[in-house]
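Subject: A structure for you to look at

Hello,

I am passing a structure on to you, with some notes on what turned up in it. Please open it first and then read on.

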Amino acid sequence: MKYIIWDWNGTLLDDVPLCVEIMNTMLKKRGLPELEVSYYREIFTFPVEKYYRAAGLDFTQEPFETLAVEYISAYNPRALDCGLYPGALEVLERLKAAGWGQIIASASEQGALEKQVESRGIAGYFQAILGAGDVLGITKEGLAKEYLASKAISAQDVVFIGDTLHDIQVAGSLGSPCALIAQGHQSRARLETRGAPVLESIRELPDFLGKSGIHLPQ
């Protein structure tokens with residue numbers, strides 16, 4: 001069996017506008033310049049502590065942990081109102097029908113992630129929903145590694161799908177191929193700097209998998 005490991009935010013969940021809005025609320029509260037979406041997509045990164053600095057937040061005034069809690073306290077309730085990207089549900093169904101196993105691995109906190117996935121009625125598509133133990137958005141690399149090891153899944157049978165350069169890093173640490181979708185938290189220009197395939201939308205993924213040498217399961 002072959003597996004897709006999905007990133008969640010910005011890959012399946014269309015939450016970029018909400019993320020920009022919440023950060024701008026925080027910046028405005030502190031008298032700092034607000035972000036345009038295009039600029040946000042040029043500075044967003046992992047760990048998100050680096051992004052907070054790039055956005056203008058000053059950790060000498062307020063620790064990152066305090067700012068992260070403020071951000072996620074605003075984000076989590078409203079994330080339940082964000083939709084999936086157009087075509088995402090159809091892609092999940094198509095891949096399931098073709099025999100792919102599907103897993104979510106996210107730097108989002110586990111409880112909030114599960115609630116977001118379950119509220120959309122799509123939890124049944126996934127063999128596992130892997131989230132972090134805190135709200136600091138550091139990485140999901142260890143989550144994916146531990147799960148694959150626990151299930152004796154070969155990295156060669158996994159394709160990682162995400163929307164940031166961090167997803168290439170995670171896939172590389174696993175020894176798995178990666179494809180990126182240029183609809184999320186980083187711009188296409190940034191995504192194209194690392195040599196991974198970049199798709200314009202999630203709708204392109206099933207055909208890409210069929211044509212790229214990453215073959216559909218038999």
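To start with, in which helix is Pro-206 found? Pro-206 is in helix α10, which covers residues 205-211. Please keep in mind throughout that this is a predicted model.

Is Pro-206 buried or exposed? With a relative accessibility of 8%, Pro-206 falls below the 20% cut-off and so counts as buried. Setting aside neighbours within four places in sequence, Pro-206 is in contact with Val-91 and Arg-94. Pro-206 also has Ala-98 at 9.4 Å from C-alpha to C-alpha, although 108 residues separate the two in sequence.

The chain as a whole

Here is the wider picture. The protein chain has ten helices and six strands. Its C-alpha atoms fill a box of roughly 55 × 35 × 30 Å along the principal axes. For 218 residues, a compact globule would have a radius of gyration near 17 Å, and the chain agrees with that at 17 Å. Of those 218 residues, 52% count as buried. If you take the contacts between residues at least 6 apart in sequence, 67% of them join residues at least 24 apart.

How the helices pack

Three helix pairs are worth a look on your screen.

The first pair to look at is α1 (residues 16-29) with α4 (residues 64-79): their axes come within 10 Å and cross at roughly 140 degrees. An angle over 145 degrees would count as roughly antiparallel, and the two helices are therefore oblique to each other. The crossing of α1 past α4 is right-handed. On the α1 side, the residues that meet α4 are Leu-18, Cys-19, Glu-21, Ile-22, Met-23, Met-26 and Lys-29. Across from them, α4 brings Leu-67, Glu-70, Tyr-71, Ala-74, Tyr-75, Arg-78 and Ala-79. Sorted by type, the residues of this contact between α1 and α4 are ten nonpolar and four charged, with no polar ones.

Helix α4 also packs with α3, at an angle of about 90 degrees and with the axes 11 Å apart. That angle makes α3 roughly perpendicular to α4. Val-48, Glu-49 and Tyr-52 of α3 make the contact with Phe-64, Leu-67, Ala-68 and Tyr-71 of α4. Six residues of the contact of α3 with α4 are nonpolar, one is charged and none is polar. You will find Leu-67 and Tyr-71 of α4 in the contact with α1 and again in the contact with α3.

What about α7 and α8: at roughly what angle do their axes cross? The angle is roughly 30 degrees, and the axes of α7 and α8 (residues 165-174) come within 9 Å. Since angles under 35 degrees count as roughly parallel, α7 and α8 are described that way. Here too α7 passes α8 in a right-handed crossing. Glu-141, Ala-144, Lys-145 and Leu-148 in α7 meet Gln-169, Val-170, Ser-173 and Leu-174 in α8. The residues of this contact between α7 and α8 divide into four nonpolar, two polar and two charged.

Two backbone details

Most residues other than glycine have a negative phi, and most peptide bonds are trans. Two places depart from that.

One is the peptide bond that joins Phe-46 and Pro-47, which is cis, with omega about -10 degrees. Pro-47 sits in the loop between α2 (37-43) and α3 (48-55).

The other is Ala-152, whose phi is positive, near 55 degrees. Where does Ala-152 lie? It is in the loop between α7 (141-150) and β4 (158-162). With a relative accessible area of 71%, Ala-152 is exposed.

A residue in a strand

Finally, please look at Leu-180 in strand β5 (residues 178-181). Leu-180 has a relative accessible area of 0% and is buried. Beyond the neighbours within four places in sequence, Leu-180 is in contact with a list of residues that includes Gly-162, Asp-163, Thr-164, Asp-167 and Ile-168. Also among its contacts are Leu-191, Ala-196, Pro-197, Val-198 and Leu-199. From Leu-180 to Gly-210 the C-alpha distance is 16 Å, with their positions 30 residues apart in sequence.

Enjoy exploring it!

Best wishes

Conventions. Residues are numbered from 1 along each chain as its sequence is written. This is a predicted model: local features need pLDDT of at least 70, side-chain atom pairs count only at pLDDT 80 or more; totals for chains, interfaces and linings use all residues. Side-chain values use heavy atoms; hydrogens and water are left out. Axes are lines fitted to C-alpha atoms, for helices over the stretch in contact, and angles run from 0 to 180 degrees between N-to-C directions. Helices (H or I, at least four residues) and strands (E, at least two) are DSSP runs, numbered from the N terminus. Angles under 35 degrees count as roughly parallel, over 145 as roughly antiparallel, 65 to 115 as roughly perpendicular and the rest as oblique. A crossing is left-handed if the near helix is turned anticlockwise from the far one by less than a right angle, and right-handed if clockwise. Contact means heavy atoms within 4.5 Å. Ala, Val, Leu, Ile, Met, Phe, Trp, Tyr, Cys and Pro count as nonpolar, Asp, Glu, Lys and Arg as charged, and the others, Gly among them, as polar. The radius of gyration is taken over C-alpha atoms; the globule rule is 2.2 Å times the number of residues to the power 0.38. Buried means under 20% relative accessible area, exposed over 50%, partly exposed in between (1.4 Å probe, protein chains only).
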